[in-house]
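Here is a short report on one structure. It starts with the ligand site and then moves to selected secondary structure elements.

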Amino acid sequence: MITIGMAYYPEQWPRELWEEDAARMEALGVKVVRFAEFAWSRLEPRDGQFDFGWLDEAIEIFARHGMKIILGTPTNCGPLWLYKNHPETLQWGRDGKPTDTGIRGHRCIVSPVFRVYAGRIVEKMAERYAGRPEIYAWQIDNELENSHCTCPACRQAFRDWLRERYGTVEALNAAWGNAVWSGEVSDWSEIDPLLAPDCMPDWHNPAFMLDFERFGASRTTDYVKFQRDIIKRFDPSAVVTTNACFPAHMPDFHQEFAGLDVAAYDNYPPIRPPEDPEELYSNGFALDFVRGFKRKNYWILEQLAGPGGCWSPFCPTTEPGQLAGYALQAVAHGADLLAFFRWRSALSGAEMMGHGLLDHDNRENRRFYEIRDLVRRLGDIPDLDRTAVHSDVAILYSADQEFALKDQRQSGNFAYWTQLRLFQEACAGLGINTDVIHETESLDGYKVVVVPTHHIIEPTLAARLEDFASRGGTVVLTNRSGVKDKTGNCVFGEPLPTVFRKLCGCVVEEYDPIGKFKQRVSATKGESYAVTGWCDLVKPEGAEVWARYEGRFYSGTAAVTRNGFGAGKAYYVGTVGEKAMYRTLMTEIFREQSVPMLTTLPRGVEVTTRTGEGGTYRFFFNNRGTGCHFPLGGETVSLRPFEAAIRTGEGKWV
Ligand code: GAL
Ligand code: ZN
């Protein structure tokens, strides 16, 4: 059974409401409730004075109504007394100045003093609640980012981390290529990750930036492990996770979740479908990505339950069916737990206009009925959680690529996430599941492996891909691959795509980073596609041409190639095309690989399949604001706006 959950903040509501809210949630079918993630000032109102009475009472009431508790550690928001008494617990910006208190997330997760206080409150909670039957799981902090703090403790920790990695400043200078711009360091104390407000990140040495990001990721991972270890000390079988989101500074999720029991994500898909059909919009990629953190089903700890408005201006409201459709999309991609955010909109605070399931008036409303119907519907499919998403296609990702390509943008209209998403969307529109996995993971069991913009070379990858292709698999590589070594410096003396040259059977003679400008390519079968962002001028060395440029001085030059490699193939996509190009390309690849596709799905309809002991469930999700009809086998399927229809392996709609 898919577990239904709800975010609830007892500390924000009068006690008289708790019982009533618990009873209403019980009637709705809520089985887990998420408490306490921001409640530090209520749990420890003064330094060392703890008050768990209210939380005990809330847990008792909700447990009595059949709910278990996901307990959040409250460390995202330190209480104000902590910052006043210990200003060294504050986070500092890249400008080298402490942030203001009064909002949230302003703590430094590295600060040894903060660790003492955070460790103490987590320990107090774990001591009291870990192992109790009411506790379902633990959520560490909230929506952790890569730490970019520049407080004195972080600056020192960064230097220590570098010293550990490089040993001597000479080795560091050589690795980073610090001869450029007199960047050579003569003493560790000269290293500072500061960034003046008028300074562009791209003005820093990319190798330095890459290490700063890796360091930040290691701090976030260490912080998660620090809290996990405290909880596990009191209950080794506790289920511990944290709620991921995709912030400006992305952590290394694979590293972060390695020590956690289940991957979890806060799912807020965009409410308004874009007017431009070329704009990437589906949240499907995010869901596949999260499933890849642990290569198994995941949880949604915050699922959209009403239009946001936490940070004004307000968002448009959701269309009928949209909330349920998005929730089912999350299930379609492997969610086993759906906790909605939040039960009721807050009456006060910055998020007062971020809509919960109930509005301030506390009445049942259109959204409430929609979610109630969804919960009933999921209740009628009790075996769903005994199924999982199995995929023929893997898309490879790593935080290194994310870091390197964000800190040194390659050209306009070209971004790492877009590269990944274009392939994922093409697959979902053909009814094909995709896994998004870390680039070091095993490729066994896949038929197609897509490696978009493998920029920083993972040393074992070229050989693993050659082996995969030689045994009959299809590899797809794209532009800006094989450019840099692990340190973040450019590879010398080899044409791009360097280590992938043999596999792809081609070289990049020259490139044209066209940014926002458009160019066209024509595929050898006759279709023509708009491309943008980047154009590699590809010279085949044994590969055949799949598409050529039309226009500019390199008209007729190869843009996309296909190379036979052993029993398999390797495609090289030297440019960034419109969506239709990826659909055609992937259709051809799936035909070659005999992967069955659904070719009649209209634009915006995504199909994902869960299979396992519990049966087979195929989710047809109409990810758009208009209804549609399409043929499927001998029948016609009709979907309302945002409807997710579910079909069993026996062909029954449920
Ligand atoms: C999430 C956050 C929640 C709440 C929500 C509002 O990112 O974790 O605490 O702020 O956004 O939409
Ligand atoms: Zn810091």
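This is a predicted model. A polar side-chain atom of R104 sits 2.7 Å from an oxygen atom of ligand 1. Taken alone, ligand 1 exposes 310 Å², and the protein buries 90% of that. E143 and E302 also bring polar side-chain atoms to ligand oxygens, at 2.5 Å for E143 and 2.9 Å for E302. The table sets out these contacts.

| Residue | Partner | Distance |
|---|---|---|
| R104, polar side-chain atom | oxygen atom of ligand 1 | 2.7 Å |
| E143, polar side-chain atom | oxygen atom of ligand 1 | 2.5 Å |
| E302, side-chain N or O atom | oxygen atom of ligand 1 | 2.9 Å |

Which residues surround ligand 1? They are F38, R104, N142, E143, D266, Y268, E302, C310, W311, F341 and E351. By class, this shell has five nonpolar, one polar and five charged residues.

Next come the strands. Strand 17 covers residues 558-565. Seven of its eight residues are buried, which leaves strand 17 mostly covered. Strand 17 has pairing partners in strand 16 and strand 18. Strand 16, residues 544-550, pairs with strand 17 in the antiparallel sense over four bridges. There, V545 stands opposite T561 of strand 17. Strand 18, residues 568-573, is also antiparallel to strand 17, and six bridges join the two. One of the pairs across them is V560 with V573 in strand 18. How many residues lie between strand 17 and strand 18 in their hairpin? Two residues lie between them. G566 is in that turn and has a positive phi of about 55°. In a regular strand, side chains alternate between the two faces of the sheet.

Helix 14 runs over residues 416-428. Is helix 14 largely enclosed or largely open? Of its 13 residues, 11 are buried, so the rest of the structure largely encloses helix 14. The buried residues are Y416, W417, Q419, L420, R421, L422, F423, Q424, A426, C427 and A428. The length of helix 14 also fits expectation. At 1.5 Å a residue, its 13 residues should span 18 Å, and its end C-alpha atoms are 19 Å apart, which agrees.

One loop residue completes the report. D383 lies between helix 12 (366-379) and strand 9 (388-389). Its relative accessibility is 28%, so D383 counts as partly exposed. D383 and M25 are 358 residues apart along the chain, and 23 Å separates their C-alpha atoms.

Terms used. Residues are numbered from 1 along each chain as its sequence is written. Chains are lettered from A and ligands numbered from 1 in the order in which they are written. This is a predicted model: local features need pLDDT of at least 70, side-chain atom pairs count only at pLDDT 80 or more; totals for chains, interfaces and linings use all residues. Side-chain values use heavy atoms; hydrogens and water are left out. A residue is near a molecule or strand if one of its heavy atoms lies within 4 Å of it. A polar contact is a pair of N or O atoms within 3.5 Å; within protein, one must be able to donate a hydrogen and the other to accept it, and residues adjacent in sequence count only if both atoms are side-chain atoms. Accessible areas come from the Shrake-Rupley method with a 1.4 Å probe; for residues, only the protein chains shown count as cover. Ala, Val, Leu, Ile, Met, Phe, Trp, Tyr, Cys and Pro count as nonpolar, Asp, Glu, Lys and Arg as charged, and the others, Gly among them, as polar. Buried means under 20% relative accessible area, exposed over 50%, partly exposed in between (1.4 Å probe, protein chains only). Two strands pair if DSSP finds at least two bridges between them. The expected span of a helix is 1.5 Å times one less than its number of residues.
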